[in-house]
Amino acid sequence: MPGFTAYVGFYEICSPKKGEFVFVSAASGAVGQIVGQLAKLHGCYVVGSAGTNQKVELLKDKFGFDEAFNYKEEPDLTAALKRYFPEGIDIYFENVGGPMLDAVLLNMRMHGRIAVCGMVSQHGMTDPSGIHNLFCLVPKRISMKGFIQSDYIKLFPQFVDYMTKHYKDGKIEYVEDMSIRLENAPAAFVGLFSGKNVGKQVVCVSQE
Ligand SMILES: NC(=O)c1ccc[n+]([C@@H]2O[C@H](COP(=O)([O-])OP(=O)(O)OC[C@H]3O[C@@H](n4cnc5c(N)ncnc54)[C@H](OP(=O)(O)O)[C@@H]3O)[C@@H](O)[C@H]2O)c1
């Protein structure tokens, strides 16, 4: 069942409260789409970022995000986040790193939490982006924690019960991007780093 990483990151790392303001980057990806829906089920206000207008519509229309924006069309990410979160961000679910993280740090609220799930923008970089605004962690008392979902495997039965109930009630949607045949797997993998996938990238090796 998909969504374990999202479940661990949102509930264990973010300690969410009803009514909090949540931002999710790479929000149409395998993890982000579930994080946003869990946050909505929890009673949070949720905004996602994605790299195409088609994905932005998907976030709002299919996954029920309150708002979404195309980060590639925003010349100033700090200003964009200020527009969507005039009162600031309580929880940032980090999937991308780089300039987005810097802009988020300037927009976090007091006692905010940042769950560092991944930093896809930094993969394969020989000279990773420096982060300039980490000092915001101090006056705003922000917690920032990385996690690996396999460390929380004891939560898996609890996760399956929770997700099964919500799937059956039609409260969770899940979008996959299916690539057919093993020889297309390398292109599908490379496509993750330019956002070619819409939803979780899956490779169908055989239909037998
Ligand atoms: N901690 C854990 O246990 C764990 C487990 C699984 C995955 N992860 C990490 O979690 C993150 C999300 O994984 P996922 O499986 O949800 O992703 P995914 O489905 O593989 O989607 C990746 C998406 O990231 C976006 N992206 C690619 N390059 C980018 C860049 N330079 N800047 C901004 N966005 C970029 C693209 O969407 P756009 O079109 O929106 O740009 C792409 O569709 C990744 O960093 C992954 O490594 C961590």
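Select H111 to begin: this residue sits in strand β5 (residues 108-116). Helices (H or I, at least four residues) and strands (E, at least two) are DSSP runs, numbered from the N terminus. The phi angle of H111 is positive, near 60°, although H111 is a residue other than glycine. Most residues other than glycine have a negative phi. H111 counts as exposed because 10 other C-beta atoms lie within 10 Å. For this purpose a residue is buried if 20 or more other C-beta atoms lie within 10 Å of its own, exposed if 12 or fewer, and partly exposed in between, with C-beta atoms placed from the backbone.

The model on the screen is a predicted one, in which local features need pLDDT of at least 70, side-chain atom pairs count only at pLDDT 80 or more, and totals for chains, interfaces and linings use all residues. Residues are numbered from 1 along each chain as its sequence is written.

**A second positive phi**

Select R141 next, in the loop between β5 and β6. R141 is not a glycine, yet its phi is positive, about 50°. Is R141 buried or exposed? R141 is exposed, because it has 11 C-beta neighbours inside 10 Å.

**The loop after β6**

Move on to F147, in the loop between β6 (143-146) and α6 (156-168). F147 counts as partly exposed because it has 15 C-beta neighbours inside 10 Å. Which residues does F147 touch, not counting residues up to four places away in sequence? They are V8, G9, I13 and A115; two residues are in contact if their C-beta atoms, placed from the backbone, lie within 7 Å. Now add G118 to the selection: F147 and G118 are 29 residues apart in sequence, and their C-alpha atoms are 8.8 Å apart in space.

**Strand β1**

Select F21, which belongs to strand β1. F21 counts as buried because it has 23 C-beta neighbours inside 10 Å. Leaving aside neighbours within four places in sequence, F21 is in contact with Y45, F85, E87, G88, I89 and D90. Select I91 as well: it lies 70 residues from F21 along the chain, and 6.4 Å separate the two C-alpha atoms.

**Helix α2**

Display helix α2 (residues 32-41), where 8 of the 10 residues are buried. The buried residues are G32, Q33, I34, V35, G36, Q37, L38 and A39. Against which elements do the buried residues of α2 pack? They pack against α1 (4-14), β1 (21-24), β2 (45-50), α3 and β4 (89-94). After α2 comes G43, which has a positive phi near 90°.

**The shell around the ligand**

Select the ligand and the 27 residues that surround it. A residue is near a molecule if its C-beta atom, placed from the backbone, lies within 6 Å of it. The closest residues are G29, G51, G118, S121 and G195. The shell divides into 12 nonpolar, 13 polar and 2 charged residues. Here Ala, Val, Leu, Ile, Met, Phe, Trp, Tyr, Cys and Pro count as nonpolar, Asp, Glu, Lys and Arg as charged, and the others, Gly among them, as polar. Domain 1 (4-152) and domain 2 (175-208) each supply at least three residues of this shell.

**The two domains**

Colour domain 1 (4-152) and domain 2 (175-208) separately; domain bounds come from an automatic or database domain assignment. The centres of domain 1 and domain 2, taken over C-alpha atoms, are 24 Å apart. In the contact, 11 residues come from domain 1 and 6 residues from domain 2. On the side of domain 1 that touches domain 2, helix α3 (residues 53-61) provides the largest share, 3 residues. The residues of that side divide into 3 nonpolar, 6 polar and 2 charged.

Then select residues 30-163, which an unreviewed UniProt entry lists as "domain: Alcohol dehydrogenase-like C-terminal". Over residues 30-163 the chain is 33% helix and 22% strand, and the end C-alpha atoms are 15 Å apart.

**The whole protein**

Finally, show the complete chain, which has 7 helices and 8 strands. The protein is as compact as a globular protein of its length, because its radius of gyration is 17 Å, close to the 17 Å that the globule rule gives for 208 residues. The radius of gyration is taken over C-alpha atoms, and the globule rule is 2.2 Å times the number of residues to the power 0.38. The C-alpha trace spans about 60 × 40 × 35 Å along its principal axes. Of the 208 residues, 37% count as buried.

Key. UniProt positions renumbered as here; feature names shortened; annotations may be inferred.
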